[in-house]
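The following explanation leads through a metal site and the residues around it. Please keep the sequence and the structure in view while reading.

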Amino acid sequence: MRPENPHTLHLTVLGSGTSMGVPTLGCHCAVCDSSDPRDKRLRPSLLISHHGQNVVIDTTPDFRTQALRVGLDRLDGVLLTHCHADHILGFDDLRPYNYRQKAPIPVYGTAETFSVVRRVFSYVFDQKPTLSSIPSVELHEVDGPFSLLGVPFIPVPLLHGEMDILGFRFGRAAYLTDFSRLPESSVPLLEDLDDLILDALRDVPHPMHQTVEQALALVHELQPRRAWFTHIAHELPHSETNARLVAAGFPHVALAYDGLHFEVRV
Ligand SMILES: [Zn+2]
Ligand SMILES: [Zn+2]
C-alpha cells in the first residue's frame, strides 16, 4: 500500500442522479433502459475521504445502498446542502455509525435546512423517551468556513429557484448541486479549482436547476481544470452526452457517474 499523501482528499460520487433517480420508476426511455452502468444514477451525494475518515454530502433516500456499495465502515460528518427530500431522507440510516463509533455524528447545514430536518425527523429531536433506536447527531449551523477532516470547508451560497442553499468548496474542488443561479458574490469562492462538480439536469430549462448549456457557461466563466455534471435526469445518456461535450469544445467536462473516484489537492 502506498503511503497516503497528507494533502490529498479522495472523492467518490455516491449518486449522480436527479431527485427521482435513473432509471425513473415506470419509465422505459433509452436511458432508463440503458445497459450502460453509468446510466444508473442514485440520488445526488458525494463522499469525501481523508486519512481513513469520511464525510458525506447529503443523506439521500439511497444513502444505505450508497454506503454499502462503497463499503463505508466509518462516518465522521454529514454536510447538508438543503432540505429537499432527495437530499435528506436517508438520515435515519446514520444509526449504525452511532452504534459502531459510540458517538453522535456532526451534521453541518443552514438554519433553514435544520428546521425542516427537525420537522421531518421529529422523533430524533423531540427528546421523548423511546424504546427504538434513533440517530444521534450534533447539528452545527453553518455561518462561515469550518474545519472538517482537518481541512477547511468553505460554504458557497447558491440559489435553487427561490431558495438559498449551500454548495461547498474543499481544497481545490467544489461541489455545487441543486442550483439555478450562482450569486455574483460566490464567484470569488470558486477561483483556481482543479475539479468542479456542478448541477446540470438536462437540456430543457428548469426553474430550479441548471441546464447543460447554463452549466457550460459557468464552467467557461470559472475555468476549473475539470468539471463534472451531476443531478442528471434521464434525458441525458452518458456516453452520447460526453461525446457531445467534446464536440462542443469542452473535452475537460463530462457527466459524473455513480462510483466516479478521483483525488484532489488541499
Ligand atoms: Zn436535488
Ligand atoms: Zn433540491
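In this predicted model, His87 has a relative accessible area of 0% and is therefore buried, the cut-off for that class being under 20%. His87 lies in helix H2, which spans residues 85–88. Through its NE2 atom, His87 is one of the protein donors of the zinc ion (ligand 1). The other donors of this ion are Asp86 (OD), Asp178 (OD) and His231 (NE2), and the four lie 2.1 to 2.2 Å from the metal.

Along the chain, the donors of the zinc ion (ligand 1) follow the spacing D-H-x90-D-x52-H. His87 and His231 thus link distant parts of the chain, being 144 residues apart. His231 is placed in the loop between strand S12 (226–230) and helix H7 (238–247). His231 counts as buried because its relative accessible area is 1%.

What is the arrangement of the four donor atoms around the zinc ion (ligand 1)? The arrangement is irregular, because the donor atoms subtend angles of 90 to 163°. For four donors to count as tetrahedral, all angles would have to lie between 85 and 135 degrees.

A second metal ion belongs to the picture. The zinc ion (ligand 2) is 3.4 Å from the zinc ion (ligand 1), and Asp178 coordinates both. Along with Asp178 (OD), the protein donors of the zinc ion (ligand 2) are His82 (NE2), His84 (ND1) and His160 (NE2), at 2.1 to 2.3 Å. Their spacing in sequence is H-x1-H-x75-H-x17-D. This site is also irregular, with angles of 90 to 173° among its four donor atoms.

Within this second set, His160 and Asp178 again link distant parts of the chain, 18 residues apart. His160 belongs to strand S8 (residues 151–160), whereas Asp178 sits in the loop between strand S10 (173–176) and S11. His160 counts as buried because its relative accessibility is 1%, and Asp178 counts as buried because its relative accessibility is likewise 1%.

From Asp178 the path leads to Asp199, which touches both Asp178 and His231. Other residues in contact with Asp199 include Leu176, Phe179, Met208 and Thr230. Asp199 lies in strand S11 (residues 195–199). Which side chain of opposite charge is nearest to Asp199? That side chain is Arg202, 9.3 Å away, and the buried Asp199 has no salt bridge. A polar atom of the Asp199 side chain does, however, lie 3.5 Å from the backbone nitrogen of Leu201.

How values were computed:
Residues are numbered from 1 along each chain as its sequence is written. Chains are lettered from A and ligands numbered from 1 in the order in which they are written. This is a predicted model: local features need pLDDT of at least 70, side-chain atom pairs count only at pLDDT 80 or more; totals for chains, interfaces and linings use all residues. Side-chain values use heavy atoms; hydrogens and water are left out. Helices (H or I, at least four residues) and strands (E, at least two) are DSSP runs, numbered from the N terminus. Buried means under 20% relative accessible area, exposed over 50%, partly exposed in between (1.4 Å probe, protein chains only). Lys and Arg count as positive and Asp and Glu as negative; His and the chain ends are not counted. A salt bridge is a side-chain nitrogen of Lys or Arg within 4 Å of a carboxyl oxygen of Asp or Glu. A polar contact is a pair of N or O atoms within 3.5 Å; within protein, one must be able to donate a hydrogen and the other to accept it, and residues adjacent in sequence count only if both atoms are side-chain atoms. Contact means heavy atoms within 4.5 Å. Donors are N, O and S atoms within 2.8 Å of the metal (3.2 Å for Na, K and Ca); water is not among the atoms, so sites may look incomplete. Four donors count as tetrahedral if all angles lie between 85 and 135 degrees; four count as square planar and six as octahedral if opposite donors are over 155 degrees apart and all others between 65 and 115; anything else is irregular. Lists of a residue's contacts leave out its neighbours within four places in sequence.
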